[in-house]
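Here are some notes to read alongside the structure if you are meeting it for the first time. Have the viewer open and follow the points in order.

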Amino acid sequence: MPIVTQVICDRCPKVKGENNGWWVVFPETRWPQGFSVYSFDLVRDGGLDGAGVKILCSVTCLCEEIRMRTEKAGLPAASGAAGATATPA
Ligand SMILES: [Zn+2]
């Protein structure tokens with residue numbers, strides 16, 4: 001009988017099914033405030049249980065994770081967020 005590992009989103013209670021819209025955020029080792037984002041299917045065999053690694057079910061949860069990390073690191077908020085306006089040159 002095969003061992004089935006259940007994957008659960010780190011930001012909401014969603015359980016991974018067959019859909020492919022999942023994401024993994026890895027912390028950067030050289031710059032603590034940095035991080036890398038990969039499609040779950042690209043990295044599914046590579047160290048997903050490491051420290052600081054977040055598995056996320058959707059772009060919604062991914063955006064929330066990035067927002068939280070940038071705020072925590074004191075980085076400027078991304079433009080294009082709700083309420084942001086662009087000034088034409
Ligand atoms: Zn989620």
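1. Let us begin at a glycine. G50 sits in the loop that links α1 (40–43) to β3 (54–56). Please keep in mind that this is a predicted model, and that everything below describes that model.

2. Is G50 buried or exposed? G50 is exposed, because 9 other C-beta atoms lie within 10 Å, and a residue counts as exposed at 12 or fewer. To place G50 relative to another part of the chain, look for P27: the two are 23 residues apart along the chain, and their C-alpha atoms are separated by 9.4 Å.

3. Now step back to the whole chain. You will find 2 helices and 3 strands, and along the sequence they follow the pattern β-β-α-β-α. Of the 89 residues in the chain, 11% are buried. Looking at contacts between residues at least 6 apart in sequence, 56% join residues at least 24 apart.

4. The strands come together in an open sheet of 3 strands, in the order β2-β1-β3 and with antiparallel pairing. The edge strands are β2 and β3, each of which pairs on one side only. On average, neighbouring strands of this sheet are turned by 20° against each other, direction ignored.

5. How many bridges join β1 to β2? There are 5, and the two strands run antiparallel. β1 also pairs with β3 in the antiparallel sense, over 3 bridges. V25 is a good residue to click on here: its bridge partner in β2 is V37, and its bridge partner in β3 is K54.

6. Next, turn to helix α2, which covers residues 59–73. This helix has 15 residues and reaches 21 Å from its first C-alpha to its last, close to the 21 Å expected at 1.5 Å a residue. Just after α2, G74 takes a positive phi of about 75°.

7. Which residues of α2 are buried? They are C61, L62 and E65. These residues cover an arc of only 105° around the axis, which puts them on the same side of α2. The face turned away from that buried side carries the exposed residues V59, T60 and E71.

8. What covers the buried residues of α2? The cover includes β1 (23–27), β2 (35–39) and β3. In keeping with this, α2 lies across β1, β2 and β3, running at about 145° to β3.

9. With the helix and the sheet in view, look for the largest nonpolar core. Its 8 residues are W22, W23, V24, I55, L56, C57, C61 and L62. The elements giving two or more residues to this core are β1, β3 and α2. Two of the buried residues of α2 named above, C61 and L62, belong to this core.

10. One last stop is C57, a member of that core. Leaving aside neighbours within four places in sequence, C57 is in contact with C9, C12, K14, K16 and W22. Among these partners, W22 is itself a core residue.

Technical notes:
Residues numbered from 1 in each chain as written. Predicted model: local features only at pLDDT ≥ 70, side-chain atom pairs only at ≥ 80, totals over all residues. Helix = DSSP H or I, 4+ residues; strand = E, 2+ residues; numbered from the N terminus. Buried ≥ 20, exposed ≤ 12 C-beta atoms within 10 Å, placed from the backbone. Contact = placed C-beta atoms within 7 Å. Expected span 1.5 Å × (residues − 1). Arc of directions from axis to C-beta. Core = buried A, V, L, I, M, F, W, Y, C linked by C-beta atoms within 7 Å. Pairing = 2+ DSSP bridges. Axes fitted to C-alpha atoms, helices over the stretch in contact; angles between N-to-C directions.
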